[in-house]
Amino acid sequence: MTDALNDERAPLFTAPGQPSRIARIEISHHQCELDPPFPAAWDSQPRRRFPATLVRVIDSEGREGIGSGDVMYGFDDFRHLFIGEDPLDLERHAGVIDNIGFHAGRCWPLEVALWDLAGKILETPVWRLMGGESNRLRAYASSGTHRPLEEVVALAEQVRAAGIPALKLRFGRPRLEDDLAVLGAVRRAVGDDLELMVDCNQGWRMPWDVKTPWQFDQALEVARELERQRVYWMEEPLYRGDYAGMARLAEATSLRIAGGEMTREPYEFREMLRQGCLDVYQPDAVCSVGMLGLARLAREVVDAGKLFTPHTWGNGIGVIANLHLTAGAIGPDGAPYLEYPFDPPEWTPEKRDFPLTTPLLADGEGWLTLSESPGLGLELDEERLAATRASQATYQ
Ligand SMILES: [Mg+2]
């Protein structure tokens, strides 16, 4: 990482010549039909639409930065805080977005767009702006459903055949025995050819779902089963605020404990580090803390001997933003696998990345490679975006 990223008092980047100004910030919502509906494991309502919110920041030279992720609720009241500012003043912009998050909604996709614009102004890919030496990380296939056993086994075989080295399964079926049967069958089918992760999805809920999260004893019972199946990490086994429980569980099991995908504040992550809650930290730059804050946090996590690998469930712009941040800030030693949402037939790279002209695809050994183009290297499919334009970004 460049020195500037480690020194909060110095400007991060300066423009070659006269700085440009932020001229406009445009936000648009899009929805893709999902037919049949997508039965996301963490959502009690099957999803009939896949929403995406696009953020575009245009500077006085007509250059455009692109971001996506959270829905940008409440942003209109704060847009004026950015207009006329130097787009390269990323430290300041991240601070304002952090303040907005306290008073209104999470607007981190704007920060992603500002990084993309900064890369275009400086004619450098973002992973390189962040000090990265390599533009690639290895994927893990992240499934998103509770399919029947045979179908999950078939998915595991497909992932193995594609050269992807790891697969994340979802727990949370009505009967734990069914989750365990799926895990056991997958392990039998692929042996040790794949690393397996298990996401318990107990950290947070959708607004309409008030089911109580697992308690420590239940999480420990599941952990013992996962140990037997040589699971690589156990994700979100407890409520996100149960620091004591996570620390106890991390101590009690040989498994890596993963979490923090929707945790909002840097100080929460630092407290979790201090208490030894997690072995794998998973914040998502398009949902919380942002690329600059997470680049710094990623280094702290790795310096503490832990892994950092962001949540990326959403469209490909989020996957790519998190890939830049992770490759740029820490590289593969601190992030052996990056989340690659993959659960066909409903969840293919083409559908996931519908805002883009080209989906992000893992190569035959599971590597995800970022382009050398300036910024995030994204190309929007404007026709598709026009055809999917919507007044809201909801799942129904
Ligand atoms: Mg998760």
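Modeller: Before we start, helices (H or I, at least four residues) and strands (E, at least two) are DSSP runs, numbered from the N terminus. What you have here is a predicted model: local features need pLDDT of at least 70, side-chain atom pairs count only at pLDDT 80 or more, and totals for chains, interfaces and linings use all residues. Residues are numbered from 1 along each chain as its sequence is written.

Colleague: Okay, what radius of gyration does the protein chain have?

Modeller: Along its principal axes, the C-alpha trace spans about 65 × 45 × 40 Å. The radius of gyration is taken over C-alpha atoms, and the globule rule is 2.2 Å times the number of residues to the power 0.38. For 396 residues, that puts a compact globule near 21 Å, which agrees with the chain's 20 Å.

Colleague: Which strands sit at the edges of the open sheet?

Modeller: Two strands pair if DSSP finds at least two bridges between them. The open sheet has 4 strands, paired antiparallel in the order β3-β2-β1-β13. Pairing on one side only makes the edge strands β3 (64–68) and β13 (389–390).

Colleague: What angle does the direction of helix α3 make with that of β3?

Modeller: β3 pairs with β2 (residues 47–59) over 5 antiparallel bridges. Helix α3 (residues 108–122) packs on this sheet, touching β1 (22–38), β2 and β3, and its direction makes with that of β3 an angle of about 150°. Axes are lines fitted to C-alpha atoms, for helices over the stretch in contact (C-beta atoms, placed from the backbone, within 7 Å). Angles run from 0 to 180 degrees between N-to-C directions, and this one is about 150°.

Colleague: How many of the residues of α3 are buried?

Modeller: The expected span of a helix is 1.5 Å times one less than its number of residues, and α3, with 15 residues, reaches 21 Å, close to the 21 Å expected. A residue is buried if 20 or more other C-beta atoms, placed from the backbone, lie within 10 Å of its own, exposed if 12 or fewer, and partly exposed in between. Across the whole chain 47% of residues count as buried. α3 is mostly covered, and of its 15 residues the buried ones number 14.

Colleague: Which element gives the largest share of the side of domain 1 that touches domain 2?

Modeller: An automatic or database domain assignment divides the chain into domain 1 (3–124) and domain 2 (129–377). In contact are 40 residues of domain 1 and 35 residues of domain 2. On the domain 1 side, β1, β2, β3, α2 (90–103) and α3 each give two or more residues. The largest share, 11 residues, comes from α3.

Key: Contact = placed C-beta atoms within 7 Å.
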